[in-house]
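User: I would like to go through the contacts in this structure and ask what each term rests on. Please set each value against its definition.

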Number of protein chains: 2
Amino acid sequence: MATLKINQLTKRFGRHTILDNLDFTIEANKIYGLLGRNGAGKSTLLNIINNRNFPTDGEVLLDDASINNNSAALQQLYLMSETNMYPKRTRVSDMFRLADDGYGQFNFALAHRLTKAFDVQEKAHLSNLSTGLTTIAKLITALCVNADFIFLDEPTLGLDAGHRELFYRELLKTYEERPRTFVLSTHLISEVQPLVEHVWILDDHQFICNENVDDLLANAYAISGPAELVDEYTTELKVLDHQTIGNIKTVYVVQPLDETKVIPDRVKIEHIDLQKAFMALTNGEEN
Amino acid sequence: MATLKINQLTKRFGRHTILDNLDFTIEANKIYGLLGRNGAGKSTLLNIINNRNFPTDGEVLLDDASINNNSAALQQLYLMSETNMYPKRTRVSDMFRLADDGYGQFNFALAHRLTKAFDVQEKAHLSNLSTGLTTIAKLITALCVNADFIFLDEPTLGLDAGHRELFYRELLKTYEERPRTFVLSTHLISEVQPLVEHVWILDDHQFICNENVDDLLANAYAISGPAELVDEYTTELKVLDHQTIGNIKTVYVVQPLDETKVIPDRVKIEHIDLQKAFMALTNGEEN
């Protein structure tokens, strides 16, 4: 099973550091979530991993060989990116043919079924499609291309709710039929939580989280109650974010709780979902 | 108070009808939601209303004067569109200046505050910004421009959850300070439900809904229970969509219920939200 290794990866634009010394591994046959606030550098990272942009330092290795201009390695990676790389008069069917030319064994049968399910015309020109329909055409290509590592940058950009549901279902279906690795970078975190096994959170140029989703959520809590009791209970915890309504305070923590510690009456401890944990960890405000 | 009237508007591309004889009014100082599945023609409609595209038939009137090449009328309309109309080296600050040149009295104070709040650099070039940051720059321009009708096509495209919340808050704030009309076209229906007073749903080239949101939701129901009892109760209703899990059936209707009709034991009737009502009305599948 092939593995991608990202070693001490740094990217600077002029004096700005975008990515600072990232070290991580992308394993075979797993679904990952790459999360981060706007401008965190997610697209830059995906572009570097796919040899569309170059690191200032560090390297990307597939089974210990650098992917840099390594066409055999790059044949195992596919990036569905936000930017449109296709010539102006490209039709949807041309995208399928180009993916077949580049990677071989394109799953045309699945592509035909999906164009019908998503109601997009194969003969339509990409330049005439709306944002949502363009995303659909790119998504179908990404689900049918023959590669072991599929990177999806904003796969639901402009998609309506019905089409988002359909995409999540079809992703799981093709993943079961032909296991491979998917990396999803998205802002609709609640929606992808059921799909994603492992999550990276990019913040301040580094991963502040590189963890199995279940492990992360097992330690992600909202603690609420009268402010003074909550403060007392959480005095030794690292409070990531908090809200106060009247005298009721809610604080968010992502760390194991001391099970021997007595929870005051009127203080409630609840698990939070991935979206809330993300907001707390990145200090985003939700309300 | 100015009013926009859309009269018998039809748009065809070749043999394809996109919009079929739409008749509706856009009133002053209201927040509207324009909803529709991917490819329904929402962007085409917004472009026609803003004189960026032409109808095959029909007209758009501002206080009974056609907006077609009517620069005084067009000065009251502003469209934040998905397509990027700016020259390549445009900076964020240039967008503000251009909006001031075109409409006068641009709210620079608000723009400066919002660029800080959204963490976007005014001197950044638009072409170097990610999808999310580009949306933010366009949104800020739209919230600060001096026009009475502001049309926002996919205002949250690529925005993270924190920035979406911030946008909704700032939209309401500027709306309270300086009432005007906003038309939001978006696929994140649950998120905009609290903002929107009136909703249009575009489906099959026509409005299948043109209604006050509260009135719509007052008659939007999920009816669930044992299949045979649900079928019996709903026999005279127009069932828009249904799901069955085991013998438990849930059907969705958007119409007044006969209050004299006895509800069988074990049948549960609940109100649904705008997202669910939309899915039922457009026959989208959600699960």
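Analyst: The rule finds 2 salt bridges across the interface of chain A and chain B. This is a predicted model, in which local features need pLDDT of at least 70, side-chain atom pairs count only at pLDDT 80 or more, and totals for chains, interfaces and linings use all residues. Residues are numbered from 1 along each chain as its sequence is written, chains are lettered from A and ligands numbered from 1 in the order in which they are written, and side-chain values use heavy atoms, with hydrogens and water left out.

User: Why is the pairing of B:Asp160 and A:Arg37 called a salt bridge?

Analyst: A salt bridge requires a side-chain nitrogen of Lys or Arg within 4 Å of a carboxyl oxygen of Asp or Glu. The N to O distance between A:Arg37 and B:Asp160 is 2.9 Å, so the pair qualifies.

User: What makes chain A and chain B count as being in contact?

Analyst: Contact means heavy atoms within 4.5 Å. By that rule 27 residues of chain A are in contact with 28 residues of chain B.

User: How much area is buried between the two chains, and which residues of chain A supply the most?

Analyst: Buried area is the accessible area (1.4 Å probe) that two parts lose on being put together, summed over both. Between chain A and chain B this is about 2200 Å², with carbon and sulfur atoms giving 48%. On the chain A side, A:Arg37, A:Asn38 and A:Asp160 supply 23% of the area buried against chain B, more than any other three residues.

User: How many residue pairs are in polar contact across this interface?

Analyst: There are 14 such pairs, both residues being at pLDDT 80 or more. A polar contact is a pair of N or O atoms within 3.5 Å; within protein, one must be able to donate a hydrogen and the other to accept it, and residues adjacent in sequence count only if both atoms are side-chain atoms.

User: What are the domains of chain A, and where do their bounds come from?

Analyst: Chain A is divided into domain 1 (4-212) and domain 2 (219-281), with bounds from an automatic or database domain assignment. Their centres, taken over C-alpha atoms, are 35 Å apart. Domain 1 of chain A brings 10 residues to the contact and domain 2 of chain A brings 5.

User: What area and how many salt bridges lie between these domains?

Analyst: The two domains of chain A bury about 800 Å², of which carbon and sulfur atoms give 75%. A:Ile189, A:Gln193 and A:Ile201 supply 49% of what domain 1 of chain A buries there, more than any other three residues. The salt bridge count between the domains is 0.
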